[in-house]
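This report covers the cavity, the pocket, the two sheets and the helix packing of one model.

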Amino acid sequence: MMEIERIPCRTDNYVWLVHEPASGAVAVVDPADAEPVEARLATRGLRLTHILNTHHHGDHVGGNLALKARWKCTIVGPRADAARIPGIDVEVGDGDTYVLGKASAKVFDVPGHTRGHIAYWFSGAGALFCGDTLFALGCGRLFEGTPAQMWHSLGKLRALPDETQVYCAHEYTQSNARFAVSLEPGHAALGARAREIDAARARGEATVPSALGLEKRTNPFLRADDPALAAAMGMEGAAPEAVFAAVRAAKDRF
Ligand SMILES: [Zn+2]
């Protein structure tokens, strides 16, 4: 069994601590900063063995070098962007399997937010670490990729089982929900989810992870090929890539 803990960082980042007790492997996914990770390791009495990076942004790799200096941990990151991952030891890419103790993750190339973005899917644990590609009710901004690229990347993640838990890297859910509801005010399941999110945030609770099946039903960025969303965008019959591009552009202006 893999244990996964949330380490809140900066204003809205989530660093994920992954503990595989059978082997003693302890990884953090996308350490924005070293200090909150060190604090959690100390509290839990754990020794860091690995860092898994999804992409090069500073709020995902900012803790790499300090953590590596302290723990001599192995840093795993995207082959396609290795030059921008501080301290990288192991480069992985689409279709690779990375073994972490007695668990293993399938790696997907998911360009769009950045050109070298990857995601890690631990099928045994049903856990997807997708960085800034897929968010709860949202997706990452397209800094280095095209809408068509991002739609294709999200399609790889959408193909995973419904029960997969989506461990994204930011608490953006409430603003994402407001945007999604603005597109489809009559979408009942989305409306119900938005109310649950508001209630959770009002209680100070995190909304991540979320179930992939729920994302498939309610996240507009996974539904660009749903005729109902195309109709809501006034784009009946348009190609999914075009609907996706319009939704992403609308979110950028929202
Ligand atoms: Zn990013």
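A cavity is here a set of points, on a 1 Å grid over the protein atoms alone, where a 1.4 Å probe fits but cannot get out, whereas a pocket is an open set with protein on both sides within 12 Å along at least five of seven lines; lining residues have an atom within 4 Å of a point. Grid points are joined across faces, edges and corners, and a volume is the space filled by probe spheres set on the points. The model is predicted: local features need pLDDT of at least 70 and side-chain atom pairs count only at pLDDT 80 or more, while totals for chains, interfaces and linings use all residues. Residues are numbered from 1 along each chain as its sequence is written, and side-chain values use heavy atoms, with hydrogens and water left out.

**Cavity and pocket**

The count comes to 1 cavity of 30 Å³ or more, and the largest cavity has a volume of about 30 Å³. Its lining consists of Y14, W16, V29, D30, C130, G131, Y167, C168 and A169. At least two of the lining residues come from each of β2, β10 and β13 (165–168). Strands (E, at least two residues) and helices (H or I, at least four) are DSSP runs, numbered from the N terminus.

The largest pocket holds about 210 Å³ of space. It is lined by 17 residues, of which F135, C139, G140, R141 and Y172 are the closest to its centre. Two or more lining residues are given by each of α2 (58–61), β12 (138–139), α5 (173–183) and α9 (240–253).

The table sets out the two linings by residue class. Ala, Val, Leu, Ile, Met, Phe, Trp, Tyr, Cys and Pro count as nonpolar, Asp, Glu, Lys and Arg as charged, and the others, Gly among them, as polar.

| Lining | Nonpolar | Polar | Charged |
|---|---|---|---|
| Largest cavity | 7 residues | 1 residue | 1 residue |
| Largest pocket | 4 residues | 8 residues | 5 residues |

**Sheets**

Two strands pair if DSSP finds at least two bridges between them. One open sheet of 6 strands has the order β1-β2-β3-β4-β5-β6, with mixed pairing. β1 (3–9) and β6 (90–92) are its edges; each has a single partner strand, so one side of each lacks a neighbour in the sheet. Neighbouring strands of this sheet are turned by 25 degrees against each other on average, direction ignored. β5 (residues 74–78) pairs with β6 in the parallel sense over 3 bridges, and V76 has V90 in β6 as its bridge partner. Helix α1 (residues 34–44) packs on the sheet and touches β1, β2 (13–20) and β3 (25–29), its direction making about 140 degrees with that of β1. Contact means heavy atoms within 4.5 Å. Axes are lines fitted to C-alpha atoms, for helices over the stretch in contact, and angles run from 0 to 180 degrees between N-to-C directions.

Another open sheet of 6 strands runs in the order β7-β8-β9-β10-β13-β14, again with mixed pairing. Its edges are β7 (97–100) and β14 (210–211), each with a single partner strand, so one side of each has no neighbour in the sheet. Strands β9 (residues 118–122) and β10 (residues 127–131) run antiparallel and are joined by 3 bridges; F122 stands opposite A127 in β10. Helix α4 (residues 147–158) packs on this sheet, touching β8 (103–109), β9 and β10, and its direction makes about 155 degrees with that of β8.

**Helix packing**

The axes of α4 and α9 come within 9 Å and cross at roughly 105 degrees. The two helices are therefore roughly perpendicular to each other; angles under 35 degrees count as roughly parallel, over 145 as roughly antiparallel, 65 to 115 as roughly perpendicular and the rest as oblique. In α4, P147, A148, M150, W151 and L154 meet P240, E241, F244 and A245 of α9. This contact comprises 8 nonpolar residues, no polar and 1 charged.
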